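Dear colleague,

I am passing the structure below on to you, together with an account of what was found in it. Please read the text with the coordinates open beside it.

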Amino acid sequence: MKSFARFRLDPVNQCLWRRAEAEHEERVLLAPKAFSVLTYLVDHAGRLVTHDELLNAVWSSRVVEPQTVKKHMVEVRTALGDRPKNSLFIETLPRRGYRFIAPVSESVAAEPILSGRAAPNALVGRDGALKDLHEAWQHAAGGERQIMFITGEPGIGKSALAEVFRQQAALTEKSVRIAHGQCIETYGNKEAYGPILEALGRLCRGPRAGPIIKILFAEAPTWAAQLPALLTQENREVLHREIVGATRERMLREIGEALESITAETPLLLVLEDLQWADDSSVDLIASLARRRSPAKFMLLATCRSFELCAASIRTLIPDLLVHQLCRKIELTRLRETEIEEYLAGRSPSIPPPTGLSALVHRHCDGNPLFMVVALEHMRKRGLLINADGRWQLQTPLAEIEFEVPDDLRHMIEAQLGRMSGQEQNALELASVAGASFSASLLSGAAATEGRDLEDLYEDLSRRHHIVKWAGTLAFPDGSGAERYEFVHALYRHVLYERQLQSRRAGLHRLIGERLATLHARDIEEVVPELAYHFEQAAEWPRAIEYLQCAADIAGRRCAHQQADALLTRALELVINLPEAQRMRTEPQLLALLAARRWAVWDVRVIETLERLVARAADCGLIDLQARALVDLSFFLSLISAERCLEAVQRALRLSAQQEPAMRTRTRTACAFRRLSVCGWSTYDALEFREGLVELGKHHGLSAGVADLVDESFIRLTCGEYREARKVALEARAKLLELGANPNSRIEYEIGSALAAFGLIFLGEWAEALKEYGAAIAAAKRNANYHYLQWLLAQKSWLHLQAMDFKGALAICESALSLTRNSALRPAPDWPTGFPRQVRNTLICSALASVALGDYARALEDFSTLNREMDRQTVFFDWYWRMPAAAGMTELWLATGDRGRAQQEAGRFLEISLATADRHWQGLAWEVNARVALEDRDLPRARNCISNGLSTLQGFDLPLAAWRVHATAARIGEESGNPAAARSHRDFSRVTILRLANSLPEQEPLRESFLSAPAVVGILNGQR
């Protein structure tokens, strides 16, 4: 076994060990190829290893690019803490290869120390906090999830405590996974789930990543889709289909389940730094993880500033979790004088520090650890005291030192900076504009210094000062690399940033933004929030707005809809800074994007957004956009108010007179459908809609869009053209499953899927309908999409009604109505829960099932509620659903023996249905009127009604109506003394019934319920 410096190569376990202190070691995980690269270099230490030699040795059986060696060399250097310049371990010989330059010795294999003995603790005053963390970790390792927050003022040592605990946790478990995510301060332009995705990305790299990747694809596809490094073209397409319609709730549930699987055998410690800067989506995830009750060997450890310095979401989260005992908080306090004395004693605890020094330091830093360290460094740099062999020694009387030390941390940092050269201060100020971490490569475009010299400068600063530190090697998409540095604390960055003039900062932000965009041209999405931040700070408003749009799109794809909304809202706030001509182009585009985003998630604020878009488009003279916005507005209004919908339609139609022919046709086509949807069937509107689609395709070369296809499917469905309606709905859905489809078209996808399945019920293809409803309902539940789920349940209950499973239908209705208590269905805080259409559909099915089950009181209550709501406010396709409502009311009065009301309701049913083009409902209206006439012993009228019903159905495949109409025709034939006609109609009804039953598998319960229903048994047995 070979050793060098603090490292030991372990060929048996294929890992690298790093010695922290004399008897303590910690594992350093390397990917297999990276470990092989390091092993080969160490085995051939002291001599040149060429690129070709290394390729042949490590990749002997594969053809790989030379760039592959560089990639793995970056990983090796990061593990060793080595750097290409002034290297301690691996020397790069340009265009030739590498040489391992550290002394190597053979060592006796030893078992790494993985017992309960802790890693060395360089902290003071934190023993109690470390004990609490270790207790929590033991609970986590036992399967009891832990959520821990380390809070305190800036500089109190939160990150230092988390890092020491992380090191100790790595030593106390034989097998443990540790992931780290950093929240970034970007003043609002935050990446949705940024720190979580960073941590997941780390888990998905390295030698133990395989099982984790497998779990993510199987259990959390919404998250796998957010990690580009894992995606191929093939699995990208599969994931796209799998996550269509995904919601925030689904993402939260999936990652919760995936983490439970990941931690089934191996504990996971997830460390999140600087939670005060976390995005709201990440905060939601922490809350979700804390509230899960399933066992998990999981601990989340987050550092966070005191509440008064945090965002509102954090100020709400932590107290709420504490009240419900779902987390623990460790509030770090300032160090006492005795603890500062312990720190000063350092590695020589038997020799106390100079008398009075600890009191002086405590008096100035007031126990803040960062202030303490900076104060000591300040005194050391000024020659006031020295540190020799771990012992502090005074060089100046304490009384004189008293006046040399600034009174607060900011002034202390300024004093520390003041001792540096102008070039060094400029370099650090430049770095502060870049952010918490930076590279010379990123800053080279903004610096007066050459890039190579700038990197040398940062390298030197990282070795000599406590201001910046080396943080690894950064790889850019083009294969190039650079050393990454970061400030040791955010306070240094803030001081350096605030001391610069705003005009200088703005110029630097612009240059850094441009350089960042160039470096990440191949993976621009990785840095979109940073770009938005830099260009906003640079007052480069067009580019800031552009990247805010991109960030909103990314957030939307991650189902972080509130964050996407906030980003677009911020972009709209910035448009006021644009020149008027540019603003007139940009603002309407942003409003259209915001409206589409709100539309996709049933956010009622879409109405005010579209109204604002209409007004702005009018100001800018954008007639086509104004008309399109009014058409879109009319759809959402149709769900809540027919009157407001028609008002928007009329405004759009007036505008259409000013449009070019193609756009005029599109507007009028859409308006024709919207009128039909709320006013009732109109042959004129239906014809205008269909002719409009033909004209757009034939004369203007514009194919039907997804919304057009969905509208066409509705029209065909209400005409009884069920086969054609299903075909068109499936065509719309297929368009939305294509890669690159509009991500804001979720509503159209849901409507298309529901219409396609609904048509199957009327076509009598019940097994296929059950299959499609099963898949759609499972997806809606998986996505926590309650609007869609309520609609699907109402439709599925309709299928159970047709199959005579009235108890099953009622149970489904009750399940659908229970969803109205879910706050997720509330469009706005002051709105009733759910949109009227879903609730009304469910009430109809509930009432029909109650009539069949003999619960007439409940049926009357449901029908009364339904009719009252329909009369109060007409909404989308109310006119269509008045037909089954009238049919049900007729059945109710017939069942209760109220022939007068039955006759009245049957007449209303017939009148309503004859005003439509729907032969299914017309046939059933004639059929129920025939039965009412039979109850009144008016045989001539019964024969006339059933004759009209038979004529209505002739030539059309309408099995649900056909078996009932022919069954009643058989009864009338018998009562009229025409047994031959009765037999013929009964045979037709029997064949239709068997067709419906045989569409279901023999073991399907619905088949049994249908075939055992009295009305069906009577036909099958030849009874009246």
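The second largest cavity is lined by A179, I196, A199, L200, L203, I255, L259, L268, L270, L285 and L289, and about 80 Å³ of space lies inside this cavity. Please keep in mind throughout that the model is a predicted one. The elements that contribute two or more residues to the lining of this second largest cavity are α6 (194-203), α10 (248-262), β11 (268-273) and α11 (280-291), and among these α6 gives the most, with four residues. When the lining of the second largest cavity is divided by class, eleven residues are nonpolar, while no polar and no charged residues are found.

In total, the structure holds four cavities of 30 Å³ or more, and the largest of them contains about 340 Å³ of space. The lining of the largest cavity is made up of 23 residues, of which F714, W791, R837, N841 and F876 are the closest to its centre. Two or more lining residues come from each of α32 (706-718), α34 (746-763), α36 (786-802), α38 (836-852) and α40 (878-895), and the largest share, five residues, is supplied by α34. By class, the lining of the largest cavity comprises 16 nonpolar, five polar and two charged residues.

Turning from the cavities to the pockets, the second largest pocket has a volume of about 1,200 Å³, and of the 37 residues that line this pocket, M804, E891, R931, R964 and A1015 are the closest to its centre. At least two residues of the lining are supplied by each of α36, α38, α40, α42 (919-935), α44 (959-975) and α47 (1014-1020); of these, α36, α38 and α40 also appear among the elements that give two or more residues to the lining of the largest cavity. The classes in the lining of the second largest pocket are 23 nonpolar, six polar and eight charged residues.

The aromatic side chains were examined as well, and a search of the whole structure finds 34 aromatic pairs. One of them is formed by F758 and F762, an edge-to-face pair with 5.1 Å centre to centre and 80 degrees between the planes. Because F758 and F762 are four residues apart in helix α34, about one helical turn separates them, and both F758 and F762 are buried. In another pair, the ring centres of F909 and W921 are 6.3 Å apart and the planes stand at 65 degrees, so this pair is edge-to-face, for which the planes must be over 60 degrees apart. F909 belongs to helix α41 (residues 899-914) and W921 to helix α42, so the pair ties together parts that are twelve residues apart in sequence. F909 and W921 are both buried, and helix α42, which carries W921, is also one of the elements that supply at least two residues to the lining of the second largest pocket.

As to the strands, there is an open sheet of five strands in the order β10-β11-β12-β9-β13, with parallel pairing. The edge strands of this sheet are β10 (177-182) and β13 (328-331), each of which pairs on one side only, and neighbouring strands are turned by 15 degrees against each other on average, with direction ignored. Within the sheet, strand β9 (residues 146-152) and strand β12 (residues 298-305) pair in the parallel sense over seven bridges, and Q146 has M299 as its bridge partner in β12. Strand β11, which is part of this sheet, is also among the elements that line the second largest cavity with two or more residues.

Antiparallel pairing occurs around strand β18 (residues 481-487), which is joined to strand β16 (residues 437-439) by three bridges and to strand β17 (residues 468-475) by six. The bridge partner of S439 in β18 is R484, whereas the partner of T473 in β18 is E483.

For the chain as a whole, the secondary structure comes to 47 helices and 18 strands, and of the 1024 residues of the protein chain, 55% count as buried. The C-alpha atoms fill a box of roughly 125 × 65 × 60 Å, taken along the principal axes.

With best regards

Methods: Residues numbered from 1 in each chain as written. Predicted model: local features only at pLDDT ≥ 70, side-chain atom pairs only at ≥ 80, totals over all residues. Heavy atoms only, no water. 1 Å grid on protein atoms, 1.4 Å probe; cavity = no way out; pocket = protein on both sides within 12 Å on 5 of 7 lines; lining within 4 Å. Points joined across faces, edges and corners; volume = space filled by probe spheres on them. Nonpolar A, V, L, I, M, F, W, Y, C, P; charged D, E, K, R; others polar. Pairing = 2+ DSSP bridges. Axes fitted to C-alpha atoms, helices over the stretch in contact; angles between N-to-C directions. Phe/Tyr/Trp six-rings, centres within 6.5 Å; stacked < 30°, edge-to-face > 60°. Buried < 20%, exposed > 50% of the residue type's maximum accessible area, 1.4 Å probe, protein only.
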